[in-house]
Amino acid sequence: MNVLAQTENTLKEQIGAAVLQAELATKEEIPAIILEKPKDKAHGDFATNIAMQLARIAKKAPRQIAEDIVANLDEAKASVEKVEIAGPGFINFFMKNDFLTDIIPTILKAENDYGKTDVGKGEKVQVEFVSVNPTGNLHLGHARGAAFGDVLCNVLATAGYEVEREYYINDAGNQIDNLALSVNARYLQALGQDAEMPEDGYHGEDITEIGKALAKEHGDKWANKDEAERIAFFKEYGLQYELGKIEADLKDFRVEFDNWFSERSLYKNEEITDVLDKLKAANYVYEQDGATWFRSTDFDDDKDRVLVKNDGAYTYLTPDIAYHQNKLDRGFNKLINVWGADHHGYIPRMKAAIQALGYEAEKLEVKIIQMVNLFEKGEKLRMSKRTGNAVSLRELMDEVGVDAVRYFFVARSNDSQLDFDLELARSQSNDNPVFYVQYAHARICTMLKQAESKGIDVNQTFDQNLLTAEKELDLLKKLGEFPQMIAEAAEKQTPHKVTQYVFDLASLLHSFYNAEKVLDMDNPELTSARIALMKAVRITLANGLNIIGVKAPEKM
RNA sequence: GUCCCAGUAGCUCAGCUGGAUAGAGCAACAGCCUUCUAAGCUGUGGGUCGCAGGUUCGAAUCCUGCCUGGGACGCCA
C-alpha cells in the first residue's frame with residue numbers, strides 16, 4: 001500500500017550494504033540512515049547525509065566516504081538512475097523513472113482507504129477533549145480544542161491506532177451547584193420576582209433562557225416549593241439543557257464522542273474513595289491544617305495539593321485522579337488529554353497522580369491548545385462566558401460555515417496562538433484557503449464529468465509511464481507521500497500537517513491544470529493516463545479533507 | 001519571583017529528534033481566460049530566523065542567559 005516507503009526502505013538497505021562493503025563502519029556502529037526529500041530538484045529525489053555522520057567513525061573526510069559508498073552501491077537493486085555527491089558530502093539519488101509507477105494503481109484500488117497504515121499497530125489510545133463544564137455555551141476556544149481533538153483522532157485512526165473519543169462531564173461539584181442557583185435566580189426573575197444572581201453565577205443568556213423556559217413550562221409552581229427541592233430539580237434541568245445544547249453544537253460541528261463520562265459515576269461507584277485509599281496505602285497522602293494532601297512534590301510538582309478540603313469537600317483534583325484511574329483500568333496504552341492553555345499549570349500534578357497510581361508519567365500526554373484571539377475590524381474582542389458577549393461556536397458556524405471554521409482551527413500548530421479574523425472568515429473570498437482546496441477537488445470532478453460526456457471511459461486501462469511532464473511527476477511524488485505524512489502527523493500529534501499537505505496537493509493540481517490539458521481527444525492514451533492521475537488526486541484530496549472534517553464538494 | 005507557549009518577509013504562519021541558496025498564503029507590483037471552472041495560473045520584489053554567548057564539520061533548529069508578548073501559579077473549576 002505504501003509504495004514510496006518501500007522504495008525508500010530498499011534504498012536505505014542498499015546504502016547500508018554499501019557502507020559495510022566499503023568497510024566504513026561495522027554493523028553496530030552504523031547510524032540510522034536518514035533519507036530526506038530535497039527541496040531543490042537539482043538535489044535528486046532523495047538525499048542522505050550518512051557520509052557526514054560517518055566522518056567520525058570512519059575517520060575520513062565526508063566526501064571521500066561518500067565516494068566509497070557510491071562505489072559500492074548496487075544501483076540496479078536500489079532502482080537508482082544516477083548518484084551525485086554534493087556540498088559537504090551529501091549523496092543525492094536520482095531514481096529511475098518507474099519508481100512512481102505503482103502509485104496510481106495503489107490509490108485507485110485503495111480508494112477511501114488510501115493513507116491508512118498500521119504504524120499504530122492497533123494500540124489503544126484514548127483522547128479526552130472539549131470536556132467543557134455544562135454551564136454555558138461552547139465558544140471559540142472550545143471550538144479550537146474540539147477541532148484539534150477530533151482531527152487528531154482521525155489522524156491516529158488512519159495511522160492504525162484504535163482510538164476512543166471521550167468527553168468528561170463535570171456534573172458534580174461547585175460549578176453545577178452554581179448553575180442550579182443561577183437557574184433559580186433567572187426562573188424567579190422570569191416570574192417577575194426580585195431575585196439576585198449568586199456571586200459566582202453564570203450570566204450567560206442561555207441561563208436566562210432556561211429560566212424563561214421553566215417559567216413558561218411550569219408557571220410559578222416551583223416558586224412556592226421548598227427551596228432545596230426546587231434547586232435540586234433545577235440542577236438536573238439545567239444540566240440536561242446545557243449538555244443537550246453542547247452535544248447538538250458539537251454534532252453540527254461534526255464532532256461526535258464514543259463516550260460521555262459522568263463525574264458523578266465516580267462518586268456513585270465509590271471510585272473516589274477507592275483511589276484515595278490507594279494513594280494512602282502507597283503513602284502519598286498526609287493530613288495537615290484539617291485538610292488531606294497529596295504529596296505531588298514526590299514527582300516534580302512544585303507544591304503539594306489538597307485532596308480533601310477542611311470543609312470535607314473534594315477539590316477538583318480528587319475526582320479527576322479517580323477518573324484517570326478509571327481510564328487506565330480500561331486498558332488504554334496511552335491517554336491524551338486536550339486542554340486549554342489556561343490549564344497548563346495542572347499538568348505536573350496530574351502526571352504526579354498518574355505516577356503515584358503506579359504508572360509511567362508518559363502514559364498521559366497533555367496537548368495544550370493556545371488561546372484564540374478574535375478580531376473584528378482590526379479590533380480585538382474579549383471572550384468571556386460571564387459577559388454573555390462571547391462569540392459562540394454556534395454563531396461562528398452560522399456565520400462562517402463549518403468547513404472554514406474547522407479548516408482554520410487545524411491549519412496551525414496547537415501551541416501557537418491563533419488570530420481569528422471574523423470579517424475575513426465571514427467574507428467568502430479567495431483569501432480563504434479552504435475554498436482553494438475544495439476548488440481543486442471540484443475541478444477534478446468537473447473534468448471527470450466532462451470526460452464522460454465526451455464518451456471517454458474513465459475506467460479504462462492506462463499506461464502510467466506516459467506521465468513524464470514535470471508537473472505530473474510532482475503530483476505523483478506528492479501522492480506517494482500521503483501515507484507517510486499521516487503516519488508522521490500521528491506520531492508527532494500534529495494534525496495541522498494534514499491541512500498543509502492538502503493545501504500543497506491542491507496547489508500542485510491547480511498548477512498542473514493550467515499547464516496541461518487532461519482531455520485531449522487527439523491523444524487518447526495520454527488522456528487515459530491523465531484521467532487516472534486525476535482520479536488518484538481526487539481520492540487523496542477527499543481522504544485528506546475527510547480527515548480534517550471538511551467537505552469535498554463535487555462542484556462549486 | 002517560579003513555570004508553560006510564542007517571537008521567522010509589511011501581515012498571518014509553516015519549518016524546529018541539527019544539514020545544501022530559510023518557505024507558503026495574504027498584501028504590493030507585472031503578466032495569463034476563442035481552450036477541461038480565473039474561487040485558478042505564471043513571474044518580480046521583500047529576511048540581523050527577538051538579542052548575546054556556547055556546543056560542532058555545520059544552528060531558525062540543541063544548551064545557557066537576557067528582552068518582548070500571552071498564559072498559569074487557590075483548601076476555584
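Hi everyone, this is a short walk through a protein chain and the RNA strand beside it. Please keep in mind that the model is predicted.

Let me begin with what the record says. UniProt, in an unreviewed entry, places a domain called "Arginyl tRNA synthetase N-terminal" at residues 9–95. In the model, that stretch is 38% helix and 21% strand, and its end C-alpha atoms are 13 Å apart.

Now for the RNA. Which residues come nearest to RNA strand B? There are 62 residues around the strand, and the nearest of them are Phe 90, Gln 175, Asp 415, Tyr 439 and Gln 500. If you would like to find this surface by element, look for strand 4 (90–95), helix 6 (174–190), strand 9 (291–294), helix 16 (433–453) and helix 18 (496–515), each of which gives two or more residues to the surface near RNA strand B.

What is that surface made of? Its residues divide into 24 polar, 22 nonpolar and 16 charged. On the RNA side, take the atoms of strand B within 4 Å of the protein: 64% belong to sugar or phosphate, and the rest belong to bases.

A few side chains are worth zooming in on. Arg 412 has a polar side-chain atom 2.8 Å from a sugar or linking oxygen of RNA strand B. For Lys 517, a polar side-chain atom lies 3.0 Å from a sugar or linking oxygen of the RNA. With Thr 446, the partner is a base oxygen of RNA strand B, at 3.3 Å from a polar side-chain atom.

Strand 9 came up a moment ago, so let's go back to it. Strand 8 (residues 285–288) and strand 9 run antiparallel, joined by four bridges. Within this pair, Tyr 286 stands opposite Trp 293 of strand 9. The two strands form a hairpin with two residues between them, and here Asp 289 takes a positive phi near 55 degrees.

My last stop is a sheet. As a reminder, strands of a sheet pair through backbone hydrogen bonds, either parallel or antiparallel. This one is an open sheet of three strands in the order 14-13-15, with mixed pairing. Which strands sit at the edges? They are strand 14 (379–381) and strand 15 (418–421), and each pairs on one side only. From one strand to the next, the twist averages 40 degrees. Strand 13 (residues 372–376) runs antiparallel to strand 14, and three bridges join the two. To place yourself in that pair, find Phe 375, whose bridge partner in strand 14 is Lys 380.

Thanks for listening!

How values were computed
Residues numbered from 1 in each chain as written. Chains lettered and ligands numbered in written order. Predicted model: local features only at pLDDT ≥ 70, side-chain atom pairs only at ≥ 80, totals over all residues. Heavy atoms only, no water. UniProt positions renumbered as here; feature names shortened; annotations may be inferred. Pairing = 2+ DSSP bridges. Axes fitted to C-alpha atoms, helices over the stretch in contact; angles between N-to-C directions. Near = heavy atom within 4 Å. Polar contact = N/O pair within 3.5 Å; in protein donor to acceptor, adjacent residues only side chain to side chain. Nonpolar A, V, L, I, M, F, W, Y, C, P; charged D, E, K, R; others polar.
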